[in-house]
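Here's a short tour of one protein model, with a few spots picked out for a closer look. Keep the sequence and the 3D view open as you read.

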Amino acid sequence: MYVIMGKIRRYNSIAFATLLLGGLFLLISCLENDIPLPYIKIGVTDFKVEGQIGNSYIDNENNRILISLADTVNIKKAPLEVLLLNEEEATSTVAVGDSLNLSGNFKMTLSLYQDYVWTVEATQEFEYIFEVNNQMGQPEFDVRNRIAIAYVTQNTDRSKIAVRKLQLGPRNAQYSKDSLELQNFTRDQTVWVKYYDELENWSLRVYNTDQLAITDHPDVWVNVAWLKGQGKEGDEFGFEIREASSDPWTIVDPSLITVERNAFNARITGLKENTEYIYRARSDEYYGQTVSFTTREAIPLPGGSFDEWHLSGRIWFPFAEGEPQWWDTGNTGAVTLGTSNSVPTQDTADGSGQAAKLESKFIGIGAGKLAAGNLFLGEYKETVGTNGILDFGRLYTSYPTRLKGYIKYTPVAISHSSSDFSYLRGRTDSCHIYVALGDWDEPVEIRTASSNRKLFEQDDPNIIAYGEYIQGTADTGYKPIEIELEYRSTSREPKYLVIVCTASKYGDYFTGGDGSLLYVDNFSLEFDY
């Protein structure tokens, strides 16, 4: 080996130097490749396209964005107006001003050391209208096969049909002929509909029917139901209802009936829970078929008195030891650097039992954090570093209309904040209580770490009903509160109930006042509407 090296050094020193230098670069290259790139999760903080309805629902956990578009927007050419990311150095394959084709699931890639593929899902609803003279009930639309069907009374001459209104796409669609010319419906009529880049050929049909009143299936809650029917154009509409076990019919107050074209409905309150009813729709002197329904059960809110607590080590839990758990707090995370800051108290609204005392506290020393006093339906799952992972919500299938309870709040100035909320320092803190019903398939996972933060979003499409209470002033004593639930749908079925109380509104961002104090007591759900 020495001889060979000698030969190299003696006869080819330049080659050896080159080899040595190349080996050095190779070594450096290997060292560089062995150092892993930083992992920075890119999140979207805001997204909007032209003609969007409402806010985007941004799901940073699953890298997806859900939006709704107005019917006047070309879904294949939607200009991007806003795209904000949580990392300034991150890049995107789309930029503000680009036209996005949202007719399918649109893909975009966000990059910073690694690539992250995001999906944008857009929904766009068109209102379809087909109105003719002597129309009975609502028209039917087969959008896939582009067929529109209207029904008229049995004695109506279909060769002389006046089309009063026709809409088979967005409001700004163009039609191949004036709809008023479409008069002979003894055979199908054809109309071309043009909008954006689409050209559709629709078949219009009119049939005679001997039905003069139709009773539809209602939306049913606990003490309230929405009765639905269809009738003949120009008739007087109404409903009659009775308990299944009783004979006389009760006429629904006409002032409760609302009419949209030939469909009508009425919201009936004061019904009994878990009771079978029968009702029928009326169009002039004609009655539709009878339809039966059973009202839902009024499921009470478990543990809403907050009388039961138990201490395990240094952690206070808001339920009796060994009993089923409905409520939880962030105490499991708070005790990693401090003590439980959501605890029982005998300072109650009615002088008996116990209440929940939620206090925002700065925990730890130096680089500690503000822990907001909190109480929620669900379960604290685990602590990762100084951040928590929680499950919001418990299984629930009823239809409450409001949350009632008693609170007492004493805020202080916001003393601690994350960098994003530093502008709030010095302002008076606020408490926040919210309630939601949703059709999630599992509890809503919450993560407080900034790297993969996932918080409860009011725009979540799974929310059926939502209500909240915010207060930034001090109370001298307990006072009653009511939080009305605003339903986004009367027909969707709830699966989970979420209730969250916090002494600091921005506690999820470790922002609030050290010493803000919220007492909550005697929560209950109401079902009257």
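## Two strands side by side

Let's start with β29 (residues 355-359) and β42 (residues 517-526): four bridges join these two strands, and they run antiparallel. If you want a spot to zoom in on, find Leu358, which stands opposite Leu518 in β42. Keep in mind that you're looking at a predicted model.

What holds neighbours like these together? Strands of a sheet pair through backbone hydrogen bonds, and they can do so in a parallel or an antiparallel way.

## The sheet around them

Now zoom out a bit. β29 and β42 belong to an open sheet of five strands, in the order β28-β29-β42-β35-β39, and the pairing is antiparallel. Which strands sit at the edges? They are β28 (342-345) and β39 (479-484), each of which pairs on one side only. Going from one strand to the next, the twist averages 35°.

## A glutamine tucked into a loop

Next, hop over to Gln135, found in the loop between β9 (129-132) and β10 (140-142). Is Gln135 buried or exposed? Its relative accessibility is 3%, and buried means under 20%, so Gln135 counts as buried.

The side chain of Gln135 has polar company from the backbone. One of its polar atoms lies 3.2 Å from the backbone oxygen of Phe130, and there is also a distance of 2.8 Å between a polar atom of this side chain and the backbone nitrogen of Val132. Leaving aside residues up to four places away in sequence, Gln135 touches Phe130, Ala150, Tyr151, Val152, Gly231, Lys232, Glu233 and Asn262.

## Two loop residues with positive phi

Last stop: a pair of backbone angles to look up. Tyr196 isn't a glycine, yet it has a positive phi of about 55°. You'll find Tyr196 in the loop between β14 (189-195) and β15 (198-209). With a relative accessible area of 25%, Tyr196 is partly exposed.

Then there's Asp284, in the loop between β22 (276-283) and β23 (286-287). Asp284 is another residue other than glycine with a positive phi, here near 55°. How does Asp284 count, given its 31% relative accessibility? The buried class stops under 20% and the exposed class begins over 50%, so at 31% Asp284 counts as partly exposed.

Definitions and conventions: Residues numbered from 1 in each chain as written. Predicted model: local features only at pLDDT ≥ 70, side-chain atom pairs only at ≥ 80, totals over all residues. Heavy atoms only, no water. Buried < 20%, exposed > 50% of the residue type's maximum accessible area, 1.4 Å probe, protein only. Polar contact = N/O pair within 3.5 Å; in protein donor to acceptor, adjacent residues only side chain to side chain. Contact = heavy atoms within 4.5 Å. Pairing = 2+ DSSP bridges. Axes fitted to C-alpha atoms, helices over the stretch in contact; angles between N-to-C directions.
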